[in-house]
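This report looks at how the chains are arranged, at one sheet, and at one interface.

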Amino acid sequence: MALTINNHPERLLPVDPNIRPVALRLYQEVRDLPIISPHGHTDPSWFAENQNFTNPHDLLVTPDHYLIRMLYSQGVRLAELGIKAKGIGRPTEPVNDSRSAWRLFAKNYFLFRGTPSGIWLNQIFTDVFNQSEVLTEVTADKYFDSISEQLQQEEFRPRQIFDRFNIEFLATTESAVDSLKYHKILRDSDWNGRVVTTYRPDSVIDPEHARFTDSLALFGEITGENTYSWQGYLQAHRNRRADFIAMGATSTDHGHATARTANLSNIECEKLFSRVVSGQLAPGDAELFRAQMLTEMARMSLDDKLVMQIHPGSFRNHNTWLFEQYGGDKGADIPQPIEFSSALKPLLDCFGNNSELSIILFTLDETNYARELAPLAGHYPCLRLGPAWWFNDSPEGILRFREQTTETAGFYNTVGFNDDTRALLSIPARHDMSRRIDCSYLARLVGEHRLTEDDALQVAKDLTYNLPKKAYRIEDND
Amino acid sequence: MALTINNHPERLLPVDPNIRPVALRLYQEVRDLPIISPHGHTDPSWFAENQNFTNPHDLLVTPDHYLIRMLYSQGVRLAELGIKAKGIGRPTEPVNDSRSAWRLFAKNYFLFRGTPSGIWLNQIFTDVFNQSEVLTEVTADKYFDSISEQLQQEEFRPRQIFDRFNIEFLATTESAVDSLKYHKILRDSDWNGRVVTTYRPDSVIDPEHARFTDSLALFGEITGENTYSWQGYLQAHRNRRADFIAMGATSTDHGHATARTANLSNIECEKLFSRVVSGQLAPGDAELFRAQMLTEMARMSLDDKLVMQIHPGSFRNHNTWLFEQYGGDKGADIPQPIEFSSALKPLLDCFGNNSELSIILFTLDETNYARELAPLAGHYPCLRLGPAWWFNDSPEGILRFREQTTETAGFYNTVGFNDDTRALLSIPARHDMSRRIDCSYLARLVGEHRLTEDDALQVAKDLTYNLPKKAYRIEDND
Amino acid sequence: MALTINNHPERLLPVDPNIRPVALRLYQEVRDLPIISPHGHTDPSWFAENQNFTNPHDLLVTPDHYLIRMLYSQGVRLAELGIKAKGIGRPTEPVNDSRSAWRLFAKNYFLFRGTPSGIWLNQIFTDVFNQSEVLTEVTADKYFDSISEQLQQEEFRPRQIFDRFNIEFLATTESAVDSLKYHKILRDSDWNGRVVTTYRPDSVIDPEHARFTDSLALFGEITGENTYSWQGYLQAHRNRRADFIAMGATSTDHGHATARTANLSNIECEKLFSRVVSGQLAPGDAELFRAQMLTEMARMSLDDKLVMQIHPGSFRNHNTWLFEQYGGDKGADIPQPIEFSSALKPLLDCFGNNSELSIILFTLDETNYARELAPLAGHYPCLRLGPAWWFNDSPEGILRFREQTTETAGFYNTVGFNDDTRALLSIPARHDMSRRIDCSYLARLVGEHRLTEDDALQVAKDLTYNLPKKAYRIEDND
């Protein structure tokens, strides 16, 4: 007999008999609030074209590097997961079809015990696809058939899913050289769903980016500016930021290796930029250019009011062979230690006291939380703390974020939750997890008489709904 | 109807029904023990002159950078808080009077939800000033009037407050060039309150200190030594340490950017010092001089028995504009990552095995607790661990300190609590929080059968009273 | 009346009335499973010669640097503990005999309140030596006499203890130049106990090791290779690895200061090695050579299938004076901050995608857990995470390990427990503590509906027994 999926209505809430009821009361008040998703990586073509998805493997596994990563770590090869290599001298092993790959995923589903992915998937299986048996090798085909069939129905088309999920606002992320064509379709459609873009200029800012040279050329074509001169290059950014704002963007996003910023004179900038575009980089130039560009982006944000997000600390594509064969986003990005106190100072010396500017900081290095991030955000008017991110977007990770930031930065220098996902189906499950953990943390404060339940309820609503709207400057939709 | 302040008698104790009673029993045994406050920043003139305070804003808000910091981070300007700028080209906006500033503080009081400041203030409001309604915009004036009136009474004069708070020992902190005049008044007075000084020579040790040049000259004047020669400079320290000891000091304090120490030959010291006094510093010289001076201070401590405190890791006055306009201690000091294992080795190679020496280590970088500090203090006879400090002097912060140090360093290599505050009224609230959290930690160990309740009670008393007296070499007052 | 030892059967389990019963059910299922001890430092001569131990001090205190460390930190001198100095100009104070030293240990036993050593010792006293009174100055002699007498009995000989402890597999650690004579005796004996060796080549790999020069010469003698040529040196490693495999070794172990690896060309290796053997090291050469040798060891592991363990991050013999007088392993090794993302990349670029290779990573810097180690082990097929190590092998430390690694790496990229001890009697107590804490963690996940109890039970058995056997490639013994 197959086992029943563990998706208890009180899951993730504290066990203590004096805290769980408080947590549950708080959670019940925020559970059904609309989803604000101001930072993520879903594909805008889904909503623009509104085509049905095909099968659970292509929908749930292939695009989710959290899943690929774990399977790969245990010796499952990417070809076995149905993923094709593209490099020279690539592996010649046969590539599984979706059903065979799904069976392999099902067989290894026990690897996700104790992980957030396991909890999200169980919630998707039960709440979205009405499954009740645990996914195993035995139930794999039943799952594949049932979900594939459901996905063909009208109500499982992307816009219908979006509406059913009660998403009020969803931001995708596009490169500075993206055509934004899907966002144009969305803007011109009669669908009411609010799907906007985010300005992510890494490929034209990072001289070490694999596509930097091509992107810089394209950046000039798209904007009609001379992107090989410092002033033209800056103007191209201004133009494109305006294009993105026209497609609803309220923020920019910057995924640098470190949080370093710089404040060079205009002459130094011109010289540095000429080395960058000529490819004659001195050691440290690439890092310095990225650093200076964060300050330039902040300066532009003061003009056009885009909120700035800094997502530093990932060693991208750490696995060289895998990147060359299979490309990025296969679960091979590894965090590294970073610091913020010295790194941000040049930018803060320029604009730190300006409360018109809004910069949201993220980290993959949790040691930053109590040591630097909470003190920085608890002082500078322009700084806010983004939520627990990526590897830390998990029950323990979200709890550590609150425990390590609240006492210094309070709740009101944080910005609510980001799902940051390319896995569309997981969005409600991720927001639900965050709401449950925030309510659990608040309920403990209530139980320890550190907060009244009335205050906790207000904070829970603010963290879920009001703060993300305010932090990302999202206007009411009416 | 105004809400009632949340100041529950069992606040901060664990919720678990099997742990709270144990925690409460432990807490009740230490709650009323006298306060030992061996490290802090209250103003000795308060006790010397014993003048009444004026109003709640000037007493509670203006001197407390924990409060200013949070308000500033949310866009409240310092002029709105009644704080005057003094820099060139300073903001010309009107500066609020105390009542208006207090109203603004009251309006933003919700920002302190979940913070230790919120808990301390609520305890001050109820226990010291007998308020019962939550501070809000609505109750702001009532608070202002009531507290202002009480502050004019005899029993609210500083010495009377000190006595009422059951403080047995209070150390202030004075610069090496301080006249100690208030401490002389205290020494010669007939008041029994024990208020002593602490030797803090940063301004004559740190070549990068804003007042270094002036302080070094004054240091020579006060001591009658030639503070521009290495030997005279060292002798000036010895003289002043003796002056401080005469005013009751039992310890020194060193607020360096890092924990680095050095062990140079005498000739190297002479050369380094001549570069320091001539202002001809090579890169790294300032850091090296601070490092060498920690070793010199340790050497002097072996002679005069002053306990040495090292408080490293703060990037002081991180906000350049704010410092230039408003000066220090406005909530703009930001922690930075530091390490101890390599940094302390030169000093420890000299004196590490001497149990006559006592060095108390603090950090703002909690990653040091389990990794370096507990192992160091759990080995070297001269080392002890100071309590969770500054940003970490909070319920979660104190708990993390115990959880991350006890298993390696035990309880007896720690030194009890320091309030480290310039906010006089908060002293009992801060000690009370620490006692509650230590008892909570101990109660969990009892509940998990890791410690008997008898042992826990002995440890609770030691942490509260016996260890700070022993660690700071405080003699019984009789 | 003497107090009774606190050794409650439900010790270390969570207090919560809804979690403890789950934890207890899980624990009862794994409590009596055989002990797999794949990494430790017991002395193989004990089992080879099977001589009785003499008294509790020489058995329990003298070889245990966890105990020496704490006593020393509180001013107890090593001579007082019965430990002789051997350096030049050594202390001339009288050295205590074992009974006097034991009395001093007993008098200071309160220092171990709240430490894992205290819990292990209490369990040894009750379960192995049938004591019931707390060890104090008063009971010291009674303990000494009772334990000394028991130690003379047949059932307290090392092999009998081993069998009674239900140890299925025990690995000791020997240097690359060890004769392995005790392991040969064990191999040739008729005793069934499985005691194997581990290849630890630090003294012939680390040019800064105190015995490097001598060891390198001996390495050549033992292997018959020219260990002053790069190829001969590598061949000597291959030979000795084969010798160790013949004595049952399934793994190697590497205790470098950092996790740095390198991937030099053969010509660069030859040049570096010639600088190493000539003693003409350029700055950074020693570190680079250690780094390259980790990659060489990985390459050899692909051939001979030895599992590789990397134990970085300890600043060995931090206390120079103590090391010179008393030698190593006296509690004076201090952790330091390290990183893995960049450090391991050269090795991973060579072999990271090969699931035939197995590298188990350890750290003393807990900041690595969530930031780098779980992401690395959650991606690379060759990587696994060793358990909480050394200072972190404690109730809070083990719990932090699970809380900070499980959500990203899952359970199946970890390898169960290592006791890593030279304290034979503590082995069951250490494994018991780990089992209790793992079950406590799992029980909380069950209580929060993050895992079913069926799954938790399977995981508990895997962590206790199946994963260490699999990770260390231990074949069934039949």
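In which sense do strand E2 and E4 of chain A pair, and over how many bridges? This is a predicted model. In it, strand E2 (residues 167–171) and E4 of chain A pair in the parallel sense, over two bridges. A:Ala171 stands opposite A:Val196 in E4(A).

The open sheet in chain A has three strands, in the order E1-E2-E4, with parallel pairing. Strand E1 (35–37) and strand E4 (195–196) of chain A are the edge strands, and each pairs on one side only. Helix H19 (residues 427–447) of chain A lies across E1 and E2 of that chain. H19(A) runs at about 105° to E1(A).

Now the copies. A turn of 120° and a shift of 0.0 Å along the axis lay chain A on chain B, with an RMSD of 0.0 Å. That is the relation of a three-fold axis. A:Asp16 comes closest to the rotation axis among the residues of chain A, at 3.6 Å (C-alpha). Only 7% of the interface residues of chain A are also interface residues in chain B, so the copies meet through different surfaces.

The contact between chain C and chain A has these totals.

| Item | Value |
|---|---|
| Residues from chain C | 46 residues |
| Residues from chain A | 49 residues |
| Area buried between chain C and chain A | about 3,900 Å² |
| Salt bridges between chain C and chain A | four salt bridges |
| Polar contacts between chain C and chain A | 31 residue pairs |

Carbon and sulfur atoms give 53% of that buried area. One salt bridge joins A:Arg113 to C:Asp455, with the closest N and O atoms 3.5 Å apart. On the side of chain C that touches chain A, H17(C) gives the most, with seven residues.

Terms used. Residues numbered from 1 in each chain as written. Chains lettered and ligands numbered in written order. Predicted model: local features only at pLDDT ≥ 70, side-chain atom pairs only at ≥ 80, totals over all residues. Heavy atoms only, no water. Least-squares fit on C-alpha atoms with pLDDT ≥ 70 in both. Contact = heavy atoms within 4.5 Å. Pairing = 2+ DSSP bridges. Helix = DSSP H or I, 4+ residues; strand = E, 2+ residues; numbered from the N terminus. Axes fitted to C-alpha atoms, helices over the stretch in contact; angles between N-to-C directions. Buried area = accessible area lost by both parts, 1.4 Å probe. Salt bridge = Lys/Arg side-chain N within 4 Å of Asp/Glu carboxyl O. Polar contact = N/O pair within 3.5 Å; in protein donor to acceptor, adjacent residues only side chain to side chain.
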